[in-house]
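Please open the model in your viewer and keep the selection panel at hand. The tour below moves from one selection to the next and says what is found at each stop.

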2 protein chains.
Amino acid sequence: MRESQRAAMPAARKARGRPSARDAMLDAAETVVIEQGAARLTLDAVARAAAVSKGGLMYHFPSKDALLQALVTRAIERSHQARAAQRARLPAGHGQELLAYLQASVGDPLDNDRVSRALLGVVTGNPQLMAPVREFYAARLKQLAREVPFERAALVYLATEGLWLMELLDASPFSKSQRNRVLKQLRSLAVEGGKLP
Amino acid sequence: MRESQRAAMPAARKARGRPSARDAMLDAAETVVIEQGAARLTLDAVARAAAVSKGGLMYHFPSKDALLQALVTRAIERSHQARAAQRARLPAGHGQELLAYLQASVGDPLDNDRVSRALLGVVTGNPQLMAPVREFYAARLKQLAREVPFERAALVYLATEGLWLMELLDASPFSKSQRNRVLKQLRSLAVEGGKLP
DNA sequence: TTTAATTTACCGACCAGTCGGCATAGTAAT
DNA sequence: ATTACTATGCCGACTGGTCGGTAAATTAAA
């Protein structure tokens, strides 16, 4: 589990968009961790879900850690894409970035990050896996604070992250209507920054 | 590890303040989980740290789950106490509760919740353990929102919780001075609720 | 002596990682 | 074009070890 990082990684994706066996295995791993939790995310379970043997799985991921890293990386990439998608359908202007981030994080459904929810259990079990997440978070804040005053960006940022994390932990104390009130306020704070009641 | 909830719990604390063997074992469990992480929080490790045999440990906690529940419960109690302590040394008035909560959560040191940090890994591994935490969170919000308008309470609440959780995850992107600026703003929002830059 | 507390020894399940081998496809030499 | 060789992808049995939980035996307390 130490530094087996880039030992033998068979070039498994010559063409970028192919559903290489590797990607199929990551999909399987996500299914397992979503349906059974981080504790039951075993190599055997992933292999079974991917309909390959354990040896076949470990051919592509030399260790369990390598598999987990790949999962986290893919989740981060998806997070990027979600924000970019929101940015694209938002009018340019003050607070566009902040609003896009807000919408991508806690926008209406929130169902698409069942993966993130499941991965929370994975990263808390392997704190080293947090490294890329940390970078991601830091870069995001930097970008958001370029657009609006730091204080306001930080406030919206923290509240959003708080809501997101509490919901990931299934610990949000807000009713549906309370949640809506909060979100409405956050949205207006992101673009205008007015007064607070 | 299934539903062994309240099977056989030998009445191990007749007198409430005694450093009953039970409490010593919980202390040991905390040491283990802090120093070695949730994954290495095994019954053997706790027994070793408490200087008892594994059988002795399991006499007091009929299952590992019972031990974890007790850990979580104690952490919640301590959270209550920390807030009460802050409330006591704060001038009564508008936003006292909110400010006490803020100070207790992310007040200067933050070192005393190494336990919480460690327990995060425990609860993500056993989502059922979140039940008492959920209650705790819900009750807290209700109390905070009685004092100041809901919108403002919720905003401070979420931002505080966001900062706290990100720091628990070791993922806070703020520098020390940025953190201070944010806290200063949150404090003033808790008691005054003025404008935002 | 009965009850409470604790020990020692063990079981069964689970799990990450290893290893030898198999099959297919491509390449090279004859 | 047949043969020899090699690389890739995959298989599944096995190993060494960990961990939660159990049970009988032992000691301490009431």
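A salt bridge, as the term is used here, is a side-chain nitrogen of Lys or Arg within 4 Å of a carboxyl oxygen of Asp or Glu. By that rule, the count between chain B and chain A is four salt bridges. This is a predicted model, in which local features need pLDDT of at least 70 and side-chain atom pairs count only at pLDDT 80 or more, while totals for chains, interfaces and linings use all residues. Residues are numbered from 1 along each chain as its sequence is written, chains are lettered from A and ligands numbered from 1 in the order in which they are written, and side-chain values use heavy atoms, with hydrogens and water left out.

**Select chains A and B**

Superpose chain B on chain A, by least squares on the C-alpha atoms of residues with pLDDT of at least 70 in both: a rotation of 180° with 0.1 Å of shift along its axis does this, at an RMSD of 0.1 Å. The two copies are therefore related as by a two-fold rotation axis. The same surface serves both copies, since 97% of the contact residues of chain B recur in chain A, where contact means heavy atoms within 4.5 Å.

**Select the interface**

Here 39 residues of chain B are in contact with 39 residues of chain A. Together the chains bury about 3700 Å², of which 75% is on carbon and sulfur atoms; this buried area is the accessible area (1.4 Å probe) that two parts lose on being put together, summed over both. Now pick B:Arg134 and A:Asp170, whose side chains meet in a salt bridge (3.7 Å, N to O). On the side of chain B that touches chain A, the elements giving two or more residues are α6 (114–125), α7 (130–144), α8 (150–168) and α9 (176–191) of chain B, helices being DSSP runs (H or I, at least four residues) numbered from the N terminus. The largest share of that side, 13 residues, comes from α8(B).

**Select DNA strand D**

Show the residues near this strand, that is, those with a heavy atom within 4 Å of it. There are 16 around DNA strand D, and the closest are A:Ser53, A:Tyr59, A:His60, B:Lys54 and B:Lys64. Sugar and phosphate account for 56% of the atoms of DNA strand D that come within 4 Å of the protein. Zoom in on the phosphate oxygens: one lies 2.8 Å from an N or O atom in the side chain of A:Tyr59, one lies 2.6 Å from an N or O atom in the side chain of B:Lys64, and one lies 2.9 Å from a polar backbone atom of B:Leu43. The elements that give two or more residues to this surface near DNA strand D are α3 (54–60) of chain A and α3 (54–60) of chain B, and the largest share, four residues, comes from α3(A).

**Select DNA strand C**

The residues around DNA strand C include A:Thr42, A:Ser63, B:Val52 and B:Gly55. Of the atoms of this strand within 4 Å of the protein, 50% belong to sugar or phosphate and the rest to bases. Which base atom of DNA strand C lies 2.8 Å from a polar side-chain atom of A:Lys54? The partner is a base oxygen. Turn next to chain B, where polar side-chain atoms of B:Tyr59 and B:His60 lie 2.5 Å and 2.7 Å, respectively, from a phosphate oxygen of DNA strand C. The largest share of the surface near DNA strand C, four residues, comes from α3(B).

Conventions
Polar contact = N/O pair within 3.5 Å; in protein donor to acceptor, adjacent residues only side chain to side chain.
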